[in-house]
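Work through the exercises below with the model open. Each task is followed by a stepwise solution.

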Amino acid sequence: MIILGLETTCDETGVAIHDAASGLLAHQLFSQAKLHAEYGGVVPELASRDHIRRILPLIEQTLAEAHVQMAQIDGIAYARGPGLAGALLAGSAVAKGLGWALDRPVLGVHHMEAHLLAPMLEADPPAFPFLALLVSGGHTLLVEVAGVGRYRVLGESLDDAAGEAFDKTAKLLGLPYPGGPALEQLAVEGEPGRWVFPRPMVDRPGLDFSFSGLKTAVVNAVHHTTLDDPAKAAIARAFQDAVVETFAIKVKRALRQTGLKRLVVAGGVGANTALRERLQSVAEAARGRAYYPRLAFCTDNGAMIAYAGQQRMAAGEQDMGDEEVRPRWPLGELTPPLADPRLCAR
Ligand code: KG4
Ligand code: ZN
């Protein structure tokens, strides 16, 4: 079964082709980062229009790279949410149009489910069950994953998402959008310990996160110092250290509470080297192991959508045709493939 996957939740147009028998055949990505950089963040209307401009040529390129004809596609998976409404509509309209034209099933996939399944695309994938730390621009979630669609959300951010905190801090330091990778680079040069920011909510029980207090600490530091290059780097370093340590403490706690040994870290912030290294040692200290998607599949991409779609469509799941995009879509609402009552009834 060959699935075409389309990702258009935010500012990246991603297309991929996944074959059940031989795995990922091809993937292509067009990042709109340059388009949004001059505004310092994603402009939703520009994002939707650019998805419309890019997606069909990108599908053609991906088919060519995979040596697959359009007629060989068995199903089309698209990111139905969560994300920007207009951007989601661009992908879902193309998916539905192609499905209708080719007479193939179409399925709207949950973007965060796709993120958490992304390590399955690697050579040595984790077995279920595992603990997943999902850290993206819009979400921060700790999830107990028993299988595809079997998710128990253990903790989440009560305010800013981790990626959002990286982006806002980067902006305060005058770094270009998207801020995460730029902040990571700057932090490498930063003097450790010149500032020490709070590790939010680690002294309270529970597994939720909050990053707004950390943001305030950064604002205060920026306003009470001469912001020369060494100061910027030291603040970047202190911010990253605080985020990494917060995740380390909460992940340790979640592994202990659940007894799980395998940890999956996914989503854009999962591309952060300091975080990857720290969480690998946390997992090993708990006599477990951490699994990561390759860097390109931490941030948004079509491959994870094609893979998640493959898992569900192989079980016969498909849209009925009246599905609308879900800009807000809690992960906990998902059910395992074929647990959809409409499908069971058939
Ligand atoms: O998963 P993703 O590509 O998109 C969403 O679903 O939101 O995540 C994007 C987020 C952005 O906030 C970006 O700054 C952050 O991931 N990010 C990073 C790094 N690479 C991307 N944050 C920290 N370190 C990185 N290396
Ligand atoms: Zn994402």
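**Exercise 1. Locate M320, state whether it is buried or exposed, and relate it to P125.**

Step 1. M320 belongs to the loop between helix 10 and helix 11 (341-344); helices (H or I, at least four residues) and strands (E, at least two) are DSSP runs numbered from the N terminus.
Step 2. The relative accessibility of M320 is 35%, so this residue counts as partly exposed. The classes are buried under 20% relative accessible area, exposed over 50% and partly exposed in between, with a 1.4 Å probe and protein chains only.
Step 3. From C-alpha to C-alpha, M320 and P125 are 32 Å apart in space, with a sequence separation of 195 residues.

Conventions: this is a predicted model, in which local features need pLDDT of at least 70 and side-chain atom pairs count only at pLDDT 80 or more, while totals for chains, interfaces and linings use all residues. Residues are numbered from 1 along each chain as its sequence is written, chains are lettered from A and ligands numbered from 1 in the order in which they are written, and side-chain values use heavy atoms, with hydrogens and water left out.

**Exercise 2. Repeat the analysis for F30, taking T62 as partner.**

Step 1. F30 is in strand 3 (residues 23-31).
Step 2. Its relative accessible area is 28%, so F30 is partly exposed.
Step 3. F30 and T62 are separated by 32 residues in sequence and by 12 Å in space, C-alpha to C-alpha.

**Exercise 3. Which residues are the protein donors of the zinc ion (ligand 2), and where do they lie?**

Step 1. Donors are N, O and S atoms within 2.8 Å of the metal (3.2 Å for Na, K and Ca); water is not among the atoms, so sites may look incomplete.
Step 2. H111 (NE2), H115 (NE2) and D300 (OD) are the protein donors, at 2.0 to 2.1 Å from the zinc ion.
Step 3. The donor spacing in sequence is H-x3-H-x184-D. H111 in helix 4 (residues 111-117) and D300 in the loop between strand 10 (289-291) and helix 10 (302-313) are 189 residues apart, and the pair links distant parts of the chain.
Step 4. H115 also lies in helix 4. With 1% relative accessibility, H115 counts as buried; H111 and D300 are buried too.
Step 5. The side chains of H115 and D300 share a polar contact of 3.0 Å. A polar contact is a pair of N or O atoms within 3.5 Å; within protein, one must be able to donate a hydrogen and the other to accept it, and residues adjacent in sequence count only if both atoms are side-chain atoms.

**Exercise 4. Which polar atoms lie close to ligand 1, and how much of its area is covered?**

Step 1. A polar side-chain atom of D167 is 2.6 Å from an oxygen atom of ligand 1.
Step 2. For N272, a polar side-chain atom is 3.1 Å from a nitrogen atom of the ligand.
Step 3. A polar backbone atom of V269 is 3.5 Å from an oxygen atom of ligand 1.
Step 4. On its own, ligand 1 has 550 Å² of accessible area, of which the protein covers 89%. Areas come from the Shrake-Rupley method with a 1.4 Å probe; for residues, only the protein chains shown count as cover.

**Exercise 5. Which residue has its charged end over the ring of F209?**

Step 1. The residue is K250, with its charged end 5.2 Å from the ring centre of F209. The criterion is NZ of Lys or CZ of Arg within 6 Å of the ring centre and within 35 degrees of the ring normal.
Step 2. R80 lies over the face of W329, also at 5.2 Å from the ring centre.
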